[in-house]
Amino acid sequence: MRHTRVKGEPRFPDGPKADPAGSHFERRIRSFQPRRSRVTAGQADALQRLWPKWGLDIDGQRVIDLAELFGNSRPVVLEIGFGMGEATSEMAAADPDTNILAVDVHTPGQGNLLALADRAGLTNIRVGNGDAIILLREMLAPDSLDGLRVYFPDPWPKKRHHKRRLIQPDFLTLAASRLKPGALVHCATDWEPYAEQMLEVFTAHPGFENTQSGGGYAPRPDFRPLTRFEGQGLDKGHVVNDLLFRRVPHRDQPTAEG
Ligand SMILES: C[S@@+](CC[C@H](N)C(=O)[O-])C[C@H]1O[C@@H](n2cnc3c(N)ncnc32)[C@H](O)[C@@H]1O
């Protein structure tokens, strides 16, 4: 018989929390819109079964030990906004010596990625539930990441929503502080005005240098599979741009506080 959830009862008792950081954090413009989309039976099963093992609620309450989280000291790449996780699991399978901390707020996607990782026998993915900004700011130590991936972040095309875009100077300052010198940051977007904004803010930021000797966009690296959102953009005739920047060695630059 189908269990009817009583109001206030968690959707997945052993799964991700609905609002892990709670309301103790400041009001802030978010780069995502909360969605309550349907979770399939397979995703619900993966959330129940695998969240206790591979899930991380982003509650902003502690700095995490990445070696402890993954059970080894291999390099860790943060992926922000993995969507349904197909590209994430493909990249994890292709490079088992790299750990991927994949973060999104979207519950069906979290379940989907857990199920994909389980089915493929992957052990190098951990799934974060919540806002990547809180993760970076409150839960990751300085110089702890070996890379950052942001594939097809929400484009927020309307001018009045541009402030919601993830890739902004303050975000880059925060990310730079958590990345090791030499770490690669890889972004891709099918929204050309956003690509131009990304290129402008990365190029102007003292914490990063372009891996492309002439500046500009990078050719799509072989290691990035086509993502679900990218496929939708290509169907609409959108042009995809990749950006590959490197965290420069430490010098005087803005701090990430605040
Ligand atoms: C347009 S989708 C792209 C998904 C996937 N990368 C792809 O290419 O198919 C952007 C995703 O980023 C997530 N997102 C946006 N801002 C975020 C944030 N601050 N923290 C975590 N996830 C975020 C959204 O929930 C959404 O799933």
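Here are four short exercises on this predicted model, each with a worked solution.

Two notes before you start. Residue numbers begin at 1 along each chain, following the sequence as written. Since you're working with a prediction, local features need pLDDT of at least 70, side-chain atom pairs count only at pLDDT 80 or more, and totals for chains, interfaces and linings use all residues.

**Exercise 1.** Work out how helix 1 and helix 4 are arranged, and which residues meet.

*Step 1.* Find helix 1 at residues 41–54 and helix 4 at residues 107–119. Helices here are DSSP runs (H or I, at least four residues), strands are E runs of at least two, and both are numbered from the N terminus.

*Step 2.* Look at the axes: they come within 8 Å and cross at roughly 75 degrees. Axes are lines fitted to C-alpha atoms, for helices over the stretch in contact, with angles from 0 to 180 degrees between N-to-C directions.

*Step 3.* Name the arrangement. Helix 1 and helix 4 are therefore roughly perpendicular. (Under 35 degrees is roughly parallel, over 145 roughly antiparallel, 65 to 115 roughly perpendicular, and the rest oblique.)

*Step 4.* Check who meets whom. From helix 1 you'll find, among them, Leu 47, Leu 50 and Trp 51, and from helix 4 residues including Leu 114 and Ala 115. Contact means C-beta atoms, placed from the backbone, within 7 Å.

*Step 5.* Sort the contact by class: 10 nonpolar, 5 polar and 1 charged residues. Ala, Val, Leu, Ile, Met, Phe, Trp, Tyr, Cys and Pro count as nonpolar, Asp, Glu, Lys and Arg as charged, and the others, Gly among them, as polar.

**Exercise 2.** Describe the side of domain 1 that touches domain 2.

*Step 1.* Get the bounds: domain 1 is 42–141 and domain 2 is 154–258, taken from an automatic or database domain assignment.

*Step 2.* Their centres, over C-alpha atoms, are 21 Å apart. The contact uses 11 residues from domain 1 and 9 from domain 2.

*Step 3.* On the domain 1 side, helix 3 (86–94) and helix 5 each supply at least two residues. Helix 3 gives the most, 5 residues.

**Exercise 3.** Find what surrounds the ligand.

*Step 1.* Count the shell: 23 residues, the closest being Gly 81, Gly 83, Phe 152, Thr 227 and Phe 229. A residue is near if its C-beta atom, placed from the backbone, lies within 6 Å.

*Step 2.* Sort the shell: 12 nonpolar, 6 polar and 5 charged residues. Helix 8 has the largest share, 3 residues.

*Step 3.* Place the ligand. Both domains give residues to the shell, so the ligand lies between them.

**Exercise 4.** Decide whether Glu 79, Asp 104, Asp 131 and Asp 154 are gathered or scattered.

*Step 1.* An unreviewed UniProt entry lists these four under "binding site"; such annotations may be inferred rather than shown by experiment, feature names are shortened, and positions use the numbering used here. Asp 104 sits in strand 3.

*Step 2.* They span 76 residues in sequence, yet no two C-alpha atoms are more than 14.0 Å apart, so they gather at one spot.

Key:
Contact = placed C-beta atoms within 7 Å.
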